[in-house]
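Biologist: Please take a close look at a single part of this model. Start with one residue, then work outward to the strands, the charges and the core.

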Amino acid sequence: MRNFRTFKIALVALGLIGGLASAQSIAAKTVKVTVEGTSPMHDWNMNASSGSFSGTVSGNSINNVKFTMPAKNLKSTKGKIMDNKAYATLKADKNANISFTATSVNIGKGNMAGRLTIAGVTKNVSIPVNVVKSGAAYTITAVEKMKLSDYGMERPGFMGVKTGDAITVTVNVVAQ
């Protein structure tokens, strides 16, 4: 009887070790962020192609999701004046990073609940996301429509013309 109990404990221990061994840490290989907005004069966009992403794959989900991007990585197609106005709006001198954390996200299409921090304001959000596994790589695409005012940001402007409050943020990460 005692040998049977020892055998059961050994099986449980091996199961735990096997479960831990199957968890795979992943990190970003590529990051692309696009922010799109409007103004009475023209639509605008800003792009970034760097940031950090990490998570741990376990089964059909990625756990401990962490994404961080320096706000000043965003660059406008309209030039340095637009960049500087955006950085002021993002309060980038005091809050250098835009970040998102989530407990987990499932592979496939769905929503990812987490905490988004922009301009020093953190909110609980649920973001539509699509996670596709291809070999050892995971492509994570999230698109979120939001308002600048929801994060305490004032709409940037030039000569009395201000951008719209609504923006669309698209994040595409390939992690491995």
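Modeller: Ser61 sits in strand β4, residues 61-70. Strands here are DSSP runs of E with at least two residues; helices are runs of H or I with at least four, and both are numbered from the N terminus. This is a predicted model, where local features need pLDDT of at least 70 and side-chain atom pairs count only at pLDDT 80 or more, while totals for chains, interfaces and linings use all residues. Residues are numbered from 1 along each chain as its sequence is written, and side-chain values use heavy atoms, with hydrogens and water left out.

Ser61 is buried, at a relative accessible area of 12%. Buried means under 20% relative accessible area, exposed means over 50%, and partly exposed lies in between (1.4 Å probe, protein chains only). The side chain of Ser61 makes a polar contact of 3.5 Å with the side chain of Asn63. A polar contact is a pair of N or O atoms within 3.5 Å; within protein, one must be able to donate a hydrogen and the other to accept it, and residues adjacent in sequence count only if both atoms are side-chain atoms. Set aside the neighbours within four places in sequence, and Ser61 is in contact with Thr56, Val105, Asn106 and Ile107. Contact means heavy atoms within 4.5 Å.

Now another buried polar residue. Asp165 lies in the loop between β11 (161-162) and β12. Asp165 is buried yet has no salt bridge. A salt bridge needs a side-chain nitrogen of Lys or Arg within 4 Å of a carboxyl oxygen of Asp or Glu. Lys147 is the nearest side chain of opposite charge to Asp165, 5.0 Å away. Lys and Arg count as positive, Asp and Glu as negative; His and the chain ends are not counted. Asp165 does have a polar partner: its side chain contacts that of Ser149 at 2.7 Å. Beyond its neighbours within four places, Asp165 touches Met146, Lys147, Leu148, Ser149 and Arg155.

Where is a salt bridge found? The count is one. Asp93 pairs with Lys72, with the closest N and O atoms 2.8 Å apart. The two are 21 residues apart: Asp93 is in the loop between α2 (80-89) and β6 (97-106), and Lys72 is in the loop between β4 and β5 (75-76). Asp93 is exposed at 70% relative accessibility. Lys72 is partly exposed at 39%.

Next, the strand after the Asp165 loop. β12 (residues 166-175) pairs antiparallel with β1 (residues 24-37) over nine bridges. Two strands pair if DSSP finds at least two bridges between them. One bridge joins Gly37 to Ile167 in β12. β12 also pairs antiparallel with β9 (residues 137-147), over 10 bridges. Here Ile140 stands opposite Val173 in β12.

Last, the core. The largest nonpolar core has 44 residues. Such a core is a set of buried Ala, Val, Leu, Ile, Met, Phe, Trp, Tyr and Cys residues joined through side-chain atoms within 4.5 Å. β12 gives the most to this core, with five residues. Val33 is among the residues with the most contacts inside the core, along with Ile62, Phe67, Leu74 and Ile118. Outside its neighbours within four places, the contacts of Val33 include Phe67, Met69, Leu74, Val169 and Val171.

Overall, the protein chain has two helices and 12 strands. Buried residues make up 35% of its 176 residues.
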